[in-house]
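Grab a pencil and work through the exercises below with the structure open beside you. Try each task before you read its solution.

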Amino acid sequence: MNLDKNPLFKNYFKNISYDEMFTPSKEVKSSWLSLYEKLNALGSDVLTNRQKELDWLLLENGVTYNIYDDPKGLNRPWNLNSIPFIIHNNEWKHIEKGIKQRVKLYNLILKDIYGARKLIKNGLIPQEVIYAHKGFLRQCDKINYTFDKLLLVFAAEISRGPDGRMWVVNNRVEAPSGIGYALENRTNLSKVHSEIFNEMNVKRLTDFLYKFNDLLINVAPNKNENPNIVILTPGSHNETYFEHAFLASYFGYPLVLGNDLIVRDGFLWMKSLKGLKKIDVVYRRVDDAYVDPLELQEDSHLGVAGLLDVVRKKNVTIINPIGAAVVENPGLIPFLPAISKYLLDEELILPQIASWWCGQEKEKDYVLKNIKKLVIKKIDKSNRESIHFGMYLSDDEIKEVKNEINKRPYKYVAQEHISFSTTPTFSNGKFEPRKMVCRTFAIACSEEGYTVMPGGLVRVASKPGNVRVSNQRGGINKDLWITNDDKPVLENLYPFKQQKSNVITSGLDDLPSLTAENLFWAGRNLGRTLSVARHMRVVLNQFNSHQSENKRPDSQKIITLLKSLTHLTNTFPGFVEDDEDGNSALDNPITELHALVLDANRYGSLTNTIQLFSNSYFSIRNLWSADMWRVFYDIKSIWEKLTDQDVITNNLIVKSLDKLITRLIAFMGLIEESIKVDQGLLLYFIGLRMEQNLLTIAKVRAIVVPKYNDYTEHELLIQLLNSHESLNIYIQTYRSNINRENVLELLLMDVKYPRSLAFMLKRLWKDVSRLPHSNIEELHNYEKCVINAIELLNAQKITDLVKIKPNSYVREDLDTMLENISELLFETSQSITNRYFNHTLKQEQLASQNFTTN
Amino acid sequence: MNISVSHITTYNYDAPVSYSHNIATLKPRTFEGQKVLDYSIDISSKTNEFSERIDFFGNYITRFSITDAHNKLKVTTKSIIDRDYSRVRERFFSKPCKSVTLESALKMLQVISPDIIDAKQFILDSTLIKNNNEAMHAYAMESFKLNRSVFEATHELMARIFKDFKFVPGFTNISTPLSKVMKEKKGVCQDFAQIAIACLRSIGLPARYMSGYIETLPPPGKEKLVGTDASHAWFAVYIPSFGWVDFDPTNNQIPENQHIVLGWGRDYYDVPPLKGVVYGTGGSKLNVAVDIRSI
């Protein structure tokens, strides 16, 4: 093969040191040969298409990560390269052994640090490496656990060093991320390259995830065979929130926030719709210091007060145990070979980077002298910002770093700057060599000690020359394929044994109350988006056919419709009243109309409502199906396309509204078939119907209550029917001209028409009576409110309601009845909130404790 | 000498608290020169999850929850203590203590032995005392010289803090940065203790925070008033080959029998008398009353 002429590898060998796929003499390594041939056979165009397909799949499945401190960083699409990274099983067996040794070692170190501290007493670890590490939590000292291993989940990052061996670069133990992303990478990549994937005998991940689930169950206190397990997330702004939600839905355990949990009577409980539910195991993605504001970080709102004491009482198991972060500690690296000798009587299987801990005089002097050649890290800060590459620092920066080291030498470790290997990455139609680092995972496992995931999360630099590899800097991900010469034994595709399955998500009673609240608001916001979009479309269409200039309309119909929009969106003064300066939006109707559609900062605008809907949607993303993601993505992109336009016309808005409305309806259909009532669909329905009722009432009040001349009223009734999508039904039902009484009969009273107020109130009643606390002895306030609303409506006849007093310009009786029903609905919402989602009692610190005297 | 201590902490809440988790460091420790003969704790509401344990530093930690709604939390502790610190205090003035110079102290701290390892953690930064203030180091260096006795230098440092700093209640609270206290030279006992600790750590000596009480003596011929005693704080320095030595910069004295120790740690954060998390909405008012009597 002549690589220099292969367009796929054009310029690949410029500035390349050593590569995963090629030998220094540009021969393809044997483990990569099969993949190389297959990719070559596909050619640049097919590969480009597959990359596009992959990008599309990830976008549609809503695979995202968040970047902190970046307003545009939320829910960034996940960047997965279509070329996997390959390790042959023969090499992998050795790596696996090395990772197992590491996790065993770190487990013993962790146990010692929070136990006898022999390693410190016997001089194997300088005390500062532990005592000055902010991850050493004295509150966790000498805790007894219910299981023999302390370290349950472990991640080691490996890269290939200049000697051709895989080196351990660092480790993650606090709340390692990546298992879910690795699984998602595998799912999507194996779809795109299905034939290559099958032919290359890639090791499967399923068995590992199966064991992960076993781990969650087996660590439960008191050997409970059906433990209640939750996944604790810091919330939807966390950088890896996608993964928290993904794992929650993959395993079927509730995803909870700190405020969903509470400590009482020495146990941990989840606040659910029905009441409190005892929790046995917490797989947490909240950092150590934040899990208990009583004993640890006091201002944390991410944890549960008193949790640590429940751990001490052995009534709950946290994965990983609180305090584990102390071994996420590069200060240990220089001492690891000796520790390994001492604890295991073994040499380290996998090499590590030469490291100098500055707490020792000689080492510090070496580091200060050779700083330009070294990489400087803090022992307890693993974020990229606190890692300094000496070779890239200016003289001033070097001075500053040296100064910091001199102030607290024991806080710093310097490592040799190693140039790690590159791996082929598909970019712009050809391959480019990129630096890579591979995150591997190990979990505790009762039979074998630890088990290593046969795969991992590979990240490569965002540009060919880049040294740093990080998702926070826009890195690219890869799937890791452990390839075999023989076909792997196919495992169960569906992961979980039933006998150990767990029942916690099975009932409405067990729904975490924050999830319930988010579903309720997803319903309300979706209902609002749809009703407002439809009404806006009607108003814009009418406005367009009446005038095109931005001046005060002369038609009573148009003015009434504009005003109804203000009522519906609650954006007063709007078209209804003059503002503080005596100006009326009616004088510049197009300006206000566009603001109501587009202004993201205006509460009540459509853009704002869509945003609220997305927020409530993201907070419960673990419940949504793949199809829903596709449609949701569509909704967002339709709207982004519109708001990104430089010149926006009414027609353009109407077209976008048409598309938006269709997708919203598709979305609502999908929700109804994708989520079970038990999972909280009921709450969604209650929110949806409540909002739709409120908006129907607002429309009718704005359009039918005022009295105009017959022609105008007739025109307005048609638009009301249009906005309510009921014109056809009306014509088929009444086969007559548009008539006020009939329209109101249809929209308000017709119990056989699913869009009528009467029908929807009845459904609302049915739904609220299925809530866990309904129908018990006495009616709850929310039940009473809905019943009262139904009775109010039943007590009236349309013919009476539309009567108007002499010399009056409003239909007062109609208005009063609708106002009362509206208020009852608001009260229902309030009462449900108080009963089921009450988080107003947040945990607060006792007043700051000042010494009073002396 | 037997001493009785009564310590009442009261929180009055603006709005009812539905639930609270609390941690108290209110049970005095026993060690050479201080023996706890009797101790009791009384909590105004019915408690739940009441437990006691010993923390990392050897202090007694009491953990309790209150499960019924309450408007007030009143914690009363009563102890009888045999405080006989005179002999310990005498030893501070002996040769083995006074002869240790800064130079020899720093050298001895390099040795790996259980005592030294344990003491050395008190040189490191702690939650409230971060050793990054040049002013603190310069202030300490006025008293410390390599060939000077650590005890004498510390004694002088205590006296200087007593002289240079003004006792002003209410000027600081627990979140006031030490650098501000250093700059303004105002504060209360825990500020002075923490300033001294920061100074000692800045020159590489282990120093710890002492939490406790001090008995105030009435003016001659007058009867003592109830409630004039107080929570108190001071510091101790570790002199290698000798041990820990107490100093009270608020009163410019080496504690003897008027000082009662509750516990010690790296700073106030490790030994707050009472802290907690409440589930409620309003604020609260704190009242502390301490009464100490010789019996």
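Domain bounds here come from an automatic or database domain assignment. The model is predicted, so local features need pLDDT of at least 70 and side-chain atom pairs count only at pLDDT 80 or more, while totals for chains, interfaces and linings use all residues. Residues are numbered from 1 along each chain as its sequence is written, and chains are lettered from A and ligands numbered from 1 in the order in which they are written.

**Exercise 1. Find the domains of chain A and the separation of their centres.**

Step 1: Mark domain 1 at 64–353 + 418–495, then domain 2 at 689–841.
Step 2: Take the centres over C-alpha atoms; domain 1 of chain A and domain 2 of chain A are 53 Å apart by that reckoning.

**Exercise 2. Describe the overall build of chain B.**

Step 1: Count the elements as DSSP runs numbered from the N terminus (helices are H or I, at least four residues; strands are E, at least two). Chain B has 8 helices and 14 strands.
Step 2: Compare the radius of gyration, taken over C-alpha atoms, with the globule rule, 2.2 Å times the number of residues to the power 0.38. Chain B comes out at 20 Å, close to the 19 Å that the rule gives for 295 residues, so it is as compact as a globular protein of that length.
Step 3: Check the spans: the C-alpha trace of chain B covers about 60 × 40 × 40 Å along its principal axes.
Step 4: Call a residue buried if 20 or more other C-beta atoms lie within 10 Å of its own, exposed if 12 or fewer, and partly exposed in between, with C-beta atoms placed from the backbone. In chain B, 46% of the 295 residues count as buried.

**Exercise 3. Work out how the two domains of chain B touch.**

Step 1: Split chain B into domain 1 (2–82 + 272–294) and domain 2 (85–269). Their centres, over C-alpha atoms, are separated by 25 Å.
Step 2: Count the residues in contact (C-beta atoms, placed from the backbone, within 7 Å). Domain 1 of chain B supplies 19 residues and domain 2 of chain B supplies 18.
Step 3: On the domain 1 side, β1 (2–17) and β14 (284–294) of chain B are the elements that give two or more residues. β14(B) gives the most there, with 5 residues.

**Exercise 4. Which strands pair with β9(A)?**

Step 1: Strands pair if DSSP finds at least two bridges between them. β8 (residues 261–264) of chain A runs antiparallel to β9(A), with 4 bridges, and Ile262(A) sits opposite Trp269(A).
Step 2: On to β10 (residues 276–279) of chain A: this strand is also joined to β9(A) by 4 bridges, again antiparallel. Here Met270(A) is partnered by Lys277(A).
Step 3: Look at the turns. The β8(A)–β9(A) hairpin has 2 residues between its strands, and the β9(A)–β10(A) hairpin has 4.
Step 4: Check the cover: 4 of the 5 residues of β9(A) (267–271) are buried.

**Exercise 5. Are Lys223(A) and Glu49(B), with their positive phi, buried or exposed?**

Step 1: Most residues other than glycine have a negative phi. Lys223(A) has a positive phi of about 50°, and Glu49(B) has one near 55°.
Step 2: Lys223(A), in the loop between α7 (206–218) and β6 (229–232) of chain A, is exposed because 9 other C-beta atoms lie within 10 Å.
Step 3: Glu49(B), in strand β4 (residues 47–54) of chain B, is buried, with 20 other C-beta atoms within 10 Å.
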